[in-house]
Each structure stands twice: as structure tokens, then as C-alpha cells.
Amino acid sequence: MTREDKLIQKMEQGDPGAAEELIALYYPEILRYCLWHTPDRFLAEDATQETFLKAVRYFDRYIHKGKFKSFLYRIAANTCIDIRRETRSPDISLEESGIDPAYSESAFEAVRSDMALRQLVSGLPENQREIVLLRFGSDLTMRETAEVLNLPLRTVQSRLRSALKRLKADLGKVETNDDLIRKKMKEGGTS
């Protein structure tokens, strides 16, 4: 029996401490997910808290089949959608964020990496973007991603493959443009 299973069992028996432990177990993952899907940290924290409030509020409707994590991600996804509808604000580019690339603290690097991934996938269709963010941003397995999105595993695999092909093509275009710029600069500098 996993730790999650034991905590769910305790919650079903009315142990209030079990809910706190379950929240502590998944809070960092759900916060990270909400950071991907909201315009700023404050809204992400609000979305995370709202996710856990809903999970506790509707716990009596949840039937445990070893998929509580997927249940939380579905709640978080819906909560983030609601928040995005309410707050419509533009995404901030890495350059606009004012992040100094020379700064090298590990937590800071993780934030830069997250922002770069978010920016990279922003051009993907929503159904592909969500799969890439769940799979690589939240480190969910393909099966967990399928459960969160309530899609067949094969559909998730196919959309992920399509998304990765598109990202590879997009990165190739960026590299080609960078090569052209370097060539023009080199030509301009030698004349």
C-alpha cells in the first residue's frame, strides 16, 4: 500500500491530519503545474490553494482507484482555466522578464528553464501544449498524462509525437535564422 493509499484511507475514516499530509505531498507538483498555466506566481498560488480546497470539499465524491494525483491535476487544470478566463493577460517573454542570464542560483535556473519551456511551447495547439507541459514540465508518465486529460494513451502518444516534431522544426527555423544573422554580420564586418 502506497503512502497515498494510506492517507486516502485515513481521510475516508475522518482523520483531518491525513488531508494535511496529502496536501503537503502534492503541493509542490500542483503549484508548479499552476505556474505553467497562470500569468503570475500569486495567481498560481491561489489556483493551487483552490485546487486543494476543491479536492477536500469534493472528496466524498472521489472513488479511490490509485489515481488521486490525476484527480488533483484535473481539478488544477479546470481551476487554471477559470483563472485565465478571469484575468486575460499577455505572456511575458524571457527578455521582458528582466532575468539576468548571468545569475546562476539553481532555483533561479529552474525558473528560467520553466519560462523557456513555456515560451517554446506557446506556439503549439492547446491540446499538444498541455501534453508537453504535463509530460516534461510536470514529469508525469504518459499514462498519468492520459488520465489527467481523460484521453486514450495512444492519442496522448500521437499528439506528443506531433508536438515534438513541430518543436524540432520550429527550433530548426530559429537555428537557420541565427545562422543567417551570423553570416550577414560576418559579411558586414569583413567589408
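**Salt bridges and a cavity, value against cut-off**

Q: Why does E144 count as partly exposed?
A: In this predicted model, E144 has a relative accessibility of 22%. Partly exposed lies between under 20% and over 50%, so E144 counts as partly exposed.

Q: What makes K69 and E144 a salt bridge?
A: Happily, a single distance settles this: the closest N and O atoms of K69 and E144 are 3.7 Å apart. The cut-off is within 4 Å, so the pair forms a salt bridge. It links distant parts of the chain, with K69 in helix α4 and E144 in helix α7, 75 residues apart. Both residues also belong to a network of salt bridges with E29.

Q: Why is K69 called buried?
A: The relative accessible area of K69 is 18%. Buried means under 20%, so K69 is buried.

Q: How do you know whether R85 is buried or exposed?
A: R85 has 57% relative accessibility. Exposed means over 50%, so R85 counts as exposed. Its salt-bridge partner is D82, with the closest N and O atoms 3.5 Å apart. D82 is partly exposed, with a relative accessible area of 31%.

Q: What separates R41 and E45 in helix α3?
A: About one helical turn, because R41 and E45 are 4 residues apart in that helix. Their closest N and O atoms are 3.1 Å apart, and this is within 4 Å, so they form a salt bridge.

Q: Which classes of residue make up the lining of the largest cavity?
A: The lining has 9 nonpolar residues, no polar and no charged ones. Among them are M11, F52 and L72. About 60 Å³ of space lies in this cavity.

Conventions: Residues numbered from 1 in each chain as written. Predicted model: local features only at pLDDT ≥ 70, side-chain atom pairs only at ≥ 80, totals over all residues. Heavy atoms only, no water. 1 Å grid on protein atoms, 1.4 Å probe; cavity = no way out; pocket = protein on both sides within 12 Å on 5 of 7 lines; lining within 4 Å. Points joined across faces, edges and corners; volume = space filled by probe spheres on them. Nonpolar A, V, L, I, M, F, W, Y, C, P; charged D, E, K, R; others polar. Salt bridge = Lys/Arg side-chain N within 4 Å of Asp/Glu carboxyl O. Helix = DSSP H or I, 4+ residues; strand = E, 2+ residues; numbered from the N terminus. Buried < 20%, exposed > 50% of the residue type's maximum accessible area, 1.4 Å probe, protein only.
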